[in-house]
Every structure is written in C-alpha cells, then in structure tokens.
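Load the model and colour it by chain position. The stops below can be selected one after another.

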Amino acid sequence: MAAILYYSRNPNPRLAVAVAKHLSSDVTFEFAQPFHPDHRDKFRALNPSLRIPILRENGHSLWEADAIACRLSMQARSNFWRLDDEMPEMIRWISWGKAYFVQACDVVHFERGTKQRYGLGPIDQAVVAQGLADFREHARQLDAHLIGRDCLLDSGLSYADFRMASYLAFNDVAGLPLSDFPQIAAWYERIATLAAWSDPFVGLDTPALPPIIGEP
Ligand SMILES: N[C@@H](CCC(=O)N[C@@H](CS)C(=O)NCC(=O)O)C(=O)O
C-alpha cells in the first residue's frame with residue numbers, strides 16, 4: 001500500500017509535496033486540517049504536535065518536512081538528499097537555514113500571512129521589523145554564498161535549496177525585500193522554474209488557503 005502524505009498549502013506541507021512531486025514519489029496525497037476540532041484526535045495520534053506534513057507508512061508516522069524529504073529521497077534512490085561526501089554541506093545549509101534565513105522568513109510570513117489568514121490577531125509591527133532586520137542580515141550572507149553558483153551545493157540542486165526557499169513561495173504575502181539581494185532573487189527564479197516547485201498541487205484536490213483578512 002502506498003504511503004500517505006498528509007498535507008496542506010501551508011509552507012512546510014507545501015515543501016513536502018514539492019519534494020514528493022520532484023522525486024515522483026509513490027505516495028497518496030491526502031489534504032489535512034489537523035487543527036480542525038473534528039480531526040484533532042486523529043492527528044494527535046499521528047503527530048503529538050498536530051502539525052503536518054506527516055508521512056504515514058506501514059503504520060508508522062514520520063513528521064518534520066526534512067525527515068520526510070530524507071525518507072522520500074532514499075526511497076527514490078535519488079541524491080536529492082545527499083548521502084555522499086556532500087551530505088555534511090547539505091546539512092550545514094539546512095541547519096543554517098532553519099536557524100537563520102528560513103527562520104527570519106517564517107517570522108515575517110507568520111505575522112503578515114498566517115495570522116491574517118487564520119484570524120490570530122493583528123500584525124505585530126515590532127516583530128515584523130525585527131524579522132526584516134534578521135532577514136537582511138542573513139540574506140547578505142546567503143547572497144554572498146550564491147555568487148557564481150546556481151545552487152547551494154557545488155554539484156547542483158539538492159533538498160537544501162528547497163528548504164532554504166520554503167517560505168519564498170509565499171513572498172506575495174510576506175513582502176520580503178528579495179530584489180535587494182540579486183543572487184538570491186536569481187537563485188529563487190531558477191527554483192521557481194521547476195514544475196514541482198511552482199505548483200506542487202497540480203492534479204490534487206486542494207482547497208485554497210484562506211484569504212488574508214487582517215490589516216495589510
Ligand atoms: N517543523 C515542522 C513544522 C510543521 C508546521 O509548522 N506545519 C504547519 C504548517 S507550516 C501546520 O501543520 N499547519 C496546519 C495546517 O497547515 O493545516 C516541519 O518542518 O515539518
């Protein structure tokens with residue numbers, strides 16, 4: 001029986017779906033609303049944090065997008081998740097991204113996007129200002145690394161690129177100043193040309209995200 005990938009259109013589930021599409025993984029995609037009162041009990045049993053993506057396989061639940069990407073890449077016998085000499089480099093960028101660049105993107109997107117979609121309160125402008133300052137600091141480092149290269153790793157596209165880009169797919173809402181960082185902008189444009197990235201939900205019956213209803 002094919003594994004089930006529980007997903008939504010939100011950033012981390014989107015990332016997992018993009019990985020599965022990129023790798024042509026043999027999974028059944030199942031749209032999920034783990035925080036819906038009717039579904040909480042089911043999803044708490046699959047992931048105590050209630051969060052998605054979750055990869056359900058032979059009675060086992062694997063959660064965290066990075067772990068799911070690793071599993072799907074190994075199953076596909078792909079080097080998208082490096083298992084060779086470049087693995088430490090790849091993990092370096094995943095780890096740095098989660099701690100700094102992706103984290104800054106997440107902070108800004110949470111205020112301007114998630115909170116306004118799900119009615120979680122007004123935008124905290126101080127949090128946004130700090131998030132933007134952090135974004136600029138870390139984007140400078142990432143931009144410098146990308147000079148003269150197409151991808152984060154020497155040998156080409158890897159999961160580290162997808163993870164680093166995970167919140168940039170939402171920049172219409174987050175409004176991060178990408179154009180101030182030309183190497184990042186060009187790198188992201190290359191990722192956005194990949195069909196699996198530009199619209200991972202093609203062929204899936206996936207409700208749209210709730211609209212932004214809070215302040216702009
Ligand atoms: N660290 C987790 C974070 C997972 C997470 O925060 N998921 C959010 C979306 S980004 C979620 O489950 N939201 C509920 C939903 O999408 O319905 C990962 O990387 O997978």
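Into which domains is the protein divided? In this predicted model, select residues 3-75 for domain 1 and residues 87-198 for domain 2. The centres of domain 1 and domain 2, taken over C-alpha atoms, are 21 Å apart.

Next, show where domain 1 and domain 2 touch: eleven residues of domain 1 are in contact with eleven residues of domain 2. On the side of domain 1 that touches domain 2, α1 and α3 (65-75) each contribute at least two residues. The most come from α1, which gives eight. By type, the residues on this side of domain 1 are five nonpolar, three polar and three charged.

Now turn to the sheet. Four strands make up an open sheet with mixed pairing, in the order β2-β1-β3-β4. Select 27-31 and 60-63 to see the edge strands, β2 and β4, each of which pairs on one side only. From one strand to the next, the twist averages 25°.

Within the sheet, pick β1 (residues 3-7) and β3 (residues 54-57): these strands run antiparallel and are joined by three bridges. One pair to label is Ile4 and its bridge partner in β3, Arg56. Then add α1, which lies across β1 and β2 and runs at about 140° to β1.

Last, centre on the ligand. Which residues come nearest to the ligand? Of the 13 around the ligand, they are Ser8, Asn10, Asn12, Arg51 and Ala65. Helix α1 (residues 11-22) supplies the largest share of this shell, three residues. The shell around the ligand consists of seven nonpolar, four polar and two charged residues.

Conventions:
Residues are numbered from 1 along each chain as its sequence is written. This is a predicted model: local features need pLDDT of at least 70, side-chain atom pairs count only at pLDDT 80 or more; totals for chains, interfaces and linings use all residues. A residue is near a molecule or strand if its C-beta atom, placed from the backbone, lies within 6 Å of it. Ala, Val, Leu, Ile, Met, Phe, Trp, Tyr, Cys and Pro count as nonpolar, Asp, Glu, Lys and Arg as charged, and the others, Gly among them, as polar. Domain bounds come from an automatic or database domain assignment. Two residues are in contact if their C-beta atoms, placed from the backbone, lie within 7 Å. Two strands pair if DSSP finds at least two bridges between them. Axes are lines fitted to C-alpha atoms, for helices over the stretch in contact, and angles run from 0 to 180 degrees between N-to-C directions.
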